[in-house]
Amino acid sequence: MTDLGTVVSDAPVDKRQSPMLSDAHAFKLAVFGVNQRRGTLISSADGTPKATWEDTKAIAQAADRAGIDGLIPLGRWKNMGRDDKQELHRVFETLTWAAGVAAVTERVQVFSTVHTPLVHPVHAAKAMATIDHISGGRFGLNLVAGWNEKEFDVFGLQQREHDVRYEAAEEWLTLIRELWASDEPMDFAGQFYESRGGVSEPAPLQSPEPVIMSAGSSPAGRRFAARNADINFVIVPSIEATPGFVAEARQAADEAGRDVALFSAVVVVCRDTEEEAQAAFHDATQVKGDWRDAGEATASLLGGGADSISVIDRQELELRIMLHSGLPLVGTPEQVVEGMVRLHEAGIGGVAISWVDYLQGIEQFDQQLTPLMVRAGLRSSTEGAPR
Ligand SMILES: Cc1cc2nc3c(=O)[nH]c(=O)nc-3n(C[C@H](O)[C@H](O)[C@H](O)COP(=O)(O)O)c2cc1C
């Protein structure tokens, strides 16, 4: 007997209840960049991610158990810096990575960082819906419109002029949304993309669509996020400068009449004493940091016209690029949590965290920092968002 006539109906998942958007915790936490060798650090410090599947799985499952809300990979096609070291190009592709991570975790939101100019929207729509099903409605899109010239060379492409990147990204998302919303094959004829008889079945489980984060904080990047994203992933120059920076980002969201959370990247180096923490940070950056690679990465990003990094003080730029633009939070558990409290008070809704050694960092977070964050009102319990 055949059941070809039976319509499979999927139970929708309300995306506002997802770990990254729900009210479960005032301040959201994600783990950033474990799909790449060395994680987000351009350093040969001991303990950085190996980007093996075993390594990835162990970190993802530790984060899941510790109640961390999100896992965000880097979208990368080769090393940002120099070309001559095979090992530095080691990075997992993020859609397939997220599918694997989704299958071995239970409640964390699993993101893919997707380059809109490099992945066709029809392909992306289907891949993202597939991951949303594998994860039971836990997929998140971190949309990136491109910044690194060298990665476009890999595809034999040139980046579009800065603001046009966001016009194309908007059309990319529009086509995806139409594909997901349509019950039957449809035509789309835009300025940048076309589809004839396009269809993407099944649609994602999350309703009306998966959580969308957009990384880009130039005026055009912010306007794009304000119109299209749930979360804008931004680079903050310093804790002190965050309130002014947030006010500007809020203005873009207000103009679009939408509520967009702000998320930022931090690098946590936490030890029992401040001296130990500063020494470990010094070792990972000044001693073991790969300054040549950081210099080349900085040049490549500046060449690609990435406005986001222009907020960083020129003297600090190479150091911050060595940290993938993350704000360093270095100190005792109390000092690290104090830094997060200040970011929260300034209007940042959560942070994507990198460590030198992620497993150690997550364990320390679970044992020492989360209880302090609960006391500070950033987290409501030591548990993750309920599923
Ligand atoms: C915290 C953060 C992380 C980012 N990670 C990536 C990444 O993994 N891959 C990528 O291609 N771009 C990444 N970007 C770059 C953005 O997509 C964007 O191209 C860049 O911020 C420049 O955009 P803008 O000129 O609109 O500010 C990241 C940006 C931020 C703020």
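Residues are called buried when their relative accessible area is under 20%, exposed when it is over 50%, and partly exposed in between, as judged with a 1.4 Å probe and with protein chains only. The structure is a predicted model, in which local features need a pLDDT of at least 70 and side-chain atom pairs count only at pLDDT 80 or more, whereas totals for chains, interfaces and linings use all residues. Residues are numbered from 1 along each chain as its sequence is written, and side-chain values use heavy atoms, with hydrogens and water left out.

Salt bridges were assigned where a side-chain nitrogen of Lys or Arg lies within 4 Å of a carboxyl oxygen of Asp or Glu, and by this rule the count comes to 16. One of these joins the side chains of Arg38 and Asp290, with an N to O distance of 3.9 Å. Arg38 lies in the loop between β2 (28-32) and α1 (53-65) and Asp290 in the loop between α8 (274-287) and α9 (291-303), so the pair ties together parts of the chain that are 252 residues apart in sequence. Helices and strands are here DSSP runs numbered from the N terminus, helices being H or I runs of at least four residues and strands E runs of at least two. Both partners are buried, Arg38 with a relative accessible area of 9% and Asp290 with one of 14%.

A further salt bridge is formed by Arg342 and Glu240, whose closest N and O atoms are 3.8 Å apart. This pair likewise links distant parts of the chain, since Arg342 belongs to helix α11 (residues 333-345) while Glu240 sits in the loop between β10 (231-234) and α7 (242-256), 102 residues apart. Arg342 is partly exposed, at a relative accessible area of 35%, and Glu240 counts as exposed at 58%. In the salt bridge between Asp83 and Lys78, the closest N and O atoms are 2.8 Å apart; Asp83 is partly exposed at 46% relative accessibility, whereas Lys78 is buried at 14%. In addition, Lys15, Arg177, Glu209 and Asp230 are linked in a network of salt bridges.

The backbone was then examined for unusual geometry. Most residues other than glycine have a negative phi, and most peptide bonds are trans. Arg38, although not a glycine, has a positive phi of about 75 degrees, and Ala51, also not a glycine, has a positive phi of about 55 degrees. Arg38 lies in the loop between β2 and α1, as does Ala51, which is buried with a relative accessibility of 1%. A cis peptide bond joins Glu201 and Pro202, with omega about 10 degrees, and Pro202 is found in the loop between β7 (194-198) and β8 (206-207). The peptide bond from Ser207 to Pro208 is also cis, with omega near 0 degrees, and Pro208 is placed in the loop between β8 and β9 (211-215).

Attention then turned to the ligand and its surroundings. The ligand is surrounded by 24 residues, of which the closest are His115, His162, Tyr166, Ser218 and Ser308, a residue being included if one of its heavy atoms lies within 4 Å. β4 (109-115), α5 (162-181) and β10 each supply at least two residues of this shell. Polar contacts with the ligand are pairs of N or O atoms within 3.5 Å; within protein, one atom must be able to donate a hydrogen and the other to accept it, and residues adjacent in sequence count only if both atoms are side-chain atoms. A polar side-chain atom of Ser218 lies 2.5 Å from an oxygen atom of the ligand, and a backbone N or O atom of Gly75 lies 2.9 Å from a ligand oxygen atom. In the side chain of His324, an N or O atom is 3.2 Å from a nitrogen atom of the ligand. Taken alone the ligand exposes 620 Å², of which the protein buries 100%, accessible areas being obtained by the Shrake-Rupley method with a 1.4 Å probe and, for residues, with only the protein chains shown as cover.

Asn142, in strand β5 (residues 139-144), is buried with a relative accessible area of 2%. Beyond its neighbours within four places in sequence, Asn142 is in contact (heavy atoms within 4.5 Å) with residues including Ile72, Phe111, Met213 and Phe233.
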